[in-house]
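Colleague: I have some bench time coming up and would love a guided tour of this protein. Could we go through it together, one question at a time?

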Amino acid sequence: AKLEEAIRAGHAVLESGGTSLEAIEQAINIMENSPLFNAGKGAVFTNAETNELDAAVMDGKTLNAGAVAGVTTVKSPIDLAIAVMNKSEHVMMIGKGAETFAEEQGMEIVNPEYFYTESRFRGLQRIKKSEKTQLDHDQKTAFFDPYIKDSKYGTVGAAALDKHGNLAAGTSTGGMTNKRWGRVGDVPVIGAGTYANNKTAA
């Protein structure tokens, strides 16, 4: 039902003549605000029991792109990625710097507790427990996560084609449960987790 809501919101933008970029922003905002997905509220937890959010966007017409990584206080990371693309001379911003930029742009800043959900926190505890069990049995294992296949799903994304023939794509994620060391995945990497080009695909 939440996916349908997101799709319908994005489609409504396109129906009314909006751009593909505006459509994906609308769709992704709905998923970021829902605890059902690993993005925004409901993002997975790091090993340090924090939520670190990544997002990216790309415009298929201009090939411009914007991305953020490791943000902890920005309510809507996709909005920030769009601001990086449209309102800065940069492509990617990370951590505290990205959060400072968000504040300067007047974006909604939240207490990191906003992103907390009980189910995601329990998921982290399960993985930590299983990892400790593995380490106790095998001193050679530096990092093992039997839930790894289940812990990386729920990232959100959207691609759209508007009536002007322009493509856009966006993605937003909390990354992987139990991630360490400031880990950043493919989502905010342009050409890896996010891509749009009118000549090919989004």
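Modeller: Gladly! Helices here are DSSP runs of H or I with at least four residues, strands are runs of E with at least two, and both are numbered from the N terminus. Please keep in mind that this is a predicted model.

Colleague: With that in hand, where does Thr19 lie?
Modeller: Thr19 belongs to neither of the two helices that flank it, for its place is the loop between α1 and α2. Its relative accessibility is 31%, and because partly exposed covers the range between 20% and 50%, Thr19 counts as partly exposed. So the place you asked for is the loop between α1 and α2.

Colleague: Which residues is Thr19 in contact with, leaving aside its neighbours within four places in sequence?
Modeller: Sequence distance can mislead here: Thr19 and Asn166 are 147 residues apart along the chain, and their C-alpha atoms are 7.7 Å apart in space. Contact asks for heavy atoms within 4.5 Å. By that test, the partners of Thr19 are Val13, Leu14 and Asp162.

Colleague: Stepping back, how many helices and strands does the protein have?
Modeller: Reading along the sequence gives the pattern α-α-β-β-α-β-α-α-α-β-β. In total, the secondary structure comes to 6 helices and 5 strands.

Colleague: What share of the residues is buried?
Modeller: Buried means a relative accessible area under 20%. The protein has 202 residues. The accessible surface comes to about 10300 Å², and carbon and sulfur atoms account for 53% of that surface. As for the residues, the buried share is 49%.

Colleague: Among contacts between residues at least 6 apart in sequence, what percentage joins residues at least 24 apart?
Modeller: Here we set aside contacts between residues less than 6 apart and look at the remaining ones. Of these, the part joining residues at least 24 apart is 66%.

Colleague: On to charges: how many salt bridges does the structure hold?
Modeller: A pair counts when a side-chain nitrogen of Lys or Arg is within 4 Å of a carboxyl oxygen of Asp or Glu. Glu5 with Lys2 is one of them, at 3.0 Å from N to O. The total number of salt bridges is 5.

Colleague: How far apart in helical turns are Glu5 and Lys2?
Modeller: Both residues sit in helix α1, which spans residues 2-15. Glu5, at 38% relative accessibility, is partly exposed, and Lys2, at 28%, is partly exposed too. Because they are 3 residues apart in the helix, the separation is about one helical turn.

Colleague: Which residue forms a salt bridge with Lys128?
Modeller: Lys128 is in helix α5 (residues 118-137), and its pair links distant parts of the chain, 79 residues apart. Lys128 has a relative accessible area of 22% and is partly exposed. The closest N and O atoms of the pair are 3.5 Å apart, and the partner is Glu49.

Colleague: What is the phi angle of Glu49?
Modeller: Glu49 is found in the loop between α2 and β1, and with a relative accessible area of 36% it is partly exposed. Its phi is positive in a residue other than glycine, with a value near 65 degrees.

Colleague: And Leu63, buried or exposed, or partly exposed?
Modeller: Leu63 also has a positive phi, near 65 degrees, and lies in the loop between β1 and β2. Its relative accessibility is 43%, which is within the range from 20% to 50%. Leu63 therefore counts as partly exposed.

Colleague: In the salt bridge of Glu99 and Lys96, which residue is buried?
Modeller: The two side chains meet at 3.8 Å, N to O, and both residues lie in helix α4 (residues 95-104), about one turn apart. Lys96 is exposed, with a relative accessible area of 63%. At 5% relative accessibility, the buried one is Glu99.

Colleague: Finally, how are α3 and α4 oriented to each other?
Modeller: Their axes come within 10 Å and cross at roughly 80 degrees. In the contact, Leu80, Ala83, Val84 and Lys87 of α3 meet Ala98, Phe101 and Ala102 of α4, a set of 6 nonpolar, no polar and 1 charged residues. Because angles from 65 to 115 degrees count as roughly perpendicular, α3 and α4 are roughly perpendicular.

Notes: Residues are numbered from 1 along each chain as its sequence is written. This is a predicted model: local features need pLDDT of at least 70, side-chain atom pairs count only at pLDDT 80 or more; totals for chains, interfaces and linings use all residues. Side-chain values use heavy atoms; hydrogens and water are left out. Buried means under 20% relative accessible area, exposed over 50%, partly exposed in between (1.4 Å probe, protein chains only). Axes are lines fitted to C-alpha atoms, for helices over the stretch in contact, and angles run from 0 to 180 degrees between N-to-C directions. Angles under 35 degrees count as roughly parallel, over 145 as roughly antiparallel, 65 to 115 as roughly perpendicular and the rest as oblique. Ala, Val, Leu, Ile, Met, Phe, Trp, Tyr, Cys and Pro count as nonpolar, Asp, Glu, Lys and Arg as charged, and the others, Gly among them, as polar. Accessible areas come from the Shrake-Rupley method with a 1.4 Å probe; for residues, only the protein chains shown count as cover.
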